[in-house]
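Here are some friendly notes to read alongside the structure. They are numbered so that you can go through them at the bench one point at a time.

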Amino acid sequence: MAQLTINQRLDAEELLTTTRTVRKRLDLGRDVPIELVRECLEIALQAPNAGNGQSWHWVVVTDRTTRARIGELYRRAFEESYGSGGPATEPRTGDLARLKARWRVAESAAYLAKHMGEVPVLVVPCLRLLPGGLPGGNQAGLWGSLLPAAWSYMLAARTRGLGTAWTSLHLAYEGEVAELLGLPADVRQGALIPTAYYTGETFRPGARIPLGEVFHFDRW
């Protein structure tokens, strides 16, 4: 394990409330040691999963050409979903606080779409399926065996000075990405997690809807 840093002294509550999606503050010019990524994945492997099946697999992409090709597919999927330009100007009317928050998210998402291929590490969490492929209907049980582990990876990255973002737009081109990565036919991708050192230290809890608006006791 790497030597402890100040970031690793975060208590659990601070870690859980200040691990943010990092897009514009990913350091695109600084390499990330693969050993650091492996440490985070070792922690991810302790996450709960159905029947302790541990059917997850983790593809860590550092090759410059492969990253660039995945980045291009991600950018294409983003533009098909949201357009190519992103927000033109910061909003100045209406519910200002909420509009500004949405504008900042849209702006940073567009930035990441443009630069995804430049992020030094791309992590693709995957699941190996049982015979028969993806089940029909609600797939919560299936993906519930992968998503907690992916979040554990992101939390572990935060303690090591690494920023991450949960993304999945590349799944519009899942087949093309699978071919790039040489994935077997029975392996499906769950997300794409760009990983890089982050810049700055101003992480704080995000603005959220009050609990009272989403809390239901005994029934809806």
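1. Starting from the N terminus, the order of elements in the protein chain is α-α-β-α-α-β-α-α-β-α-β-β. That gives 7 helices and 5 strands. Please keep in mind while reading that this is a predicted model.

2. A word on the chain as a whole. It has 220 residues, and 39% of them are buried. Among contacts with a separation of 6 or more, 84% join residues 24 or more positions apart.

3. Which residues of helix 3 meet helix 7? They are T66, R69, I70 and L73, and their partners in helix 7 are E176, V177, L180 and L181. By type, the residues of this contact comprise 5 nonpolar, 1 polar and 2 charged.

4. The geometry of that pair is worth a look too. Two packed helices are described by the angle between their axes and the distance between the axes. For helix 3 (residues 64-82) and helix 7 (residues 174-181), the angle is about 175 degrees and the axes are 10 Å apart. Angles over 145 degrees count as roughly antiparallel, so helix 3 is roughly antiparallel to helix 7.

5. Now to the largest nonpolar core, which holds 28 residues. I70, L122, L181 and L192 are the members that touch the most others. At least two residues of this core come from each of helix 3, helix 4 (96-115), strand 2 (121-128) and helix 7. Helix 3 gives the most, with 5 residues. Two of the names here will be familiar from the helix pair: I70 of helix 3 and L181 of helix 7.

6. L192 deserves its own point. With neighbours within four places in sequence left aside, L192 is in contact with I70, Y74, M116, L122, V123, V124, A165, W166, T167 and H170. I70 and L122, listed among these partners, are also named with L192 as residues that touch the most other members of the core.

7. There is also a second, separate core, made of 24 residues. V32, L36, C40 and A157 are among them. A157 belongs to helix 6, where it is one of the buried residues.

8. Helix 6 (residues 147-159) is a good place to pause. Its 13 residues reach 19 Å from the first C-alpha to the last, close to the 18 Å expected at 1.5 Å a residue. Buried in this helix are A149, A150, Y153, M154, L155, A156, A157, R158 and T159. Their cover includes helix 1 (12-18), helix 2 (34-44), strand 1 (56-61), strand 2, strand 3 (162-164) and strand 5 (193-197). After helix 6 comes G161, with a positive phi near 80 degrees.

9. Is T164 buried or exposed? T164, in strand 3, is buried, because its relative accessible area is 2% and the cut-off for buried is under 20%. Beyond its neighbours within four places in sequence, T164 is in contact with R20, T21, V22, L26, Y153, M154, A157, I193, P194 and T195. Y153, M154 and A157 in that list are buried residues of helix 6.

10. S108 sits in helix 4 and also counts as buried, at 10% relative accessibility. Once neighbours within four places in sequence are left aside, S108 is in contact with R23 and K24.

11. G83 lies in the loop between helix 3 and helix 4. With a relative accessible area of 28%, G83 is partly exposed. The C-alpha atoms of G83 and A110 are 9.1 Å apart, although 27 residues separate the two along the chain.

12. Finally, please look at the loop between helix 2 and strand 1, where you will find N52 and Q54. What is notable about phi of N52? Phi of N52 is positive, near 50 degrees, in a residue other than glycine. Q54 has a positive phi as well, about 50 degrees, and is not a glycine. As for accessibility, N52 counts as exposed at 52%, whereas Q54 counts as partly exposed at 41%. The cut-off explains these labels, because exposed means over 50% relative accessible area.

Definitions and conventions
Residues numbered from 1 in each chain as written. Predicted model: local features only at pLDDT ≥ 70, side-chain atom pairs only at ≥ 80, totals over all residues. Heavy atoms only, no water. Axes fitted to C-alpha atoms, helices over the stretch in contact; angles between N-to-C directions. Helix = DSSP H or I, 4+ residues; strand = E, 2+ residues; numbered from the N terminus. Parallel < 35°, antiparallel > 145°, perpendicular 65-115°, else oblique. Contact = heavy atoms within 4.5 Å. Nonpolar A, V, L, I, M, F, W, Y, C, P; charged D, E, K, R; others polar. Core = buried A, V, L, I, M, F, W, Y, C linked by side-chain atoms within 4.5 Å. Buried < 20%, exposed > 50% of the residue type's maximum accessible area, 1.4 Å probe, protein only. Expected span 1.5 Å × (residues − 1).
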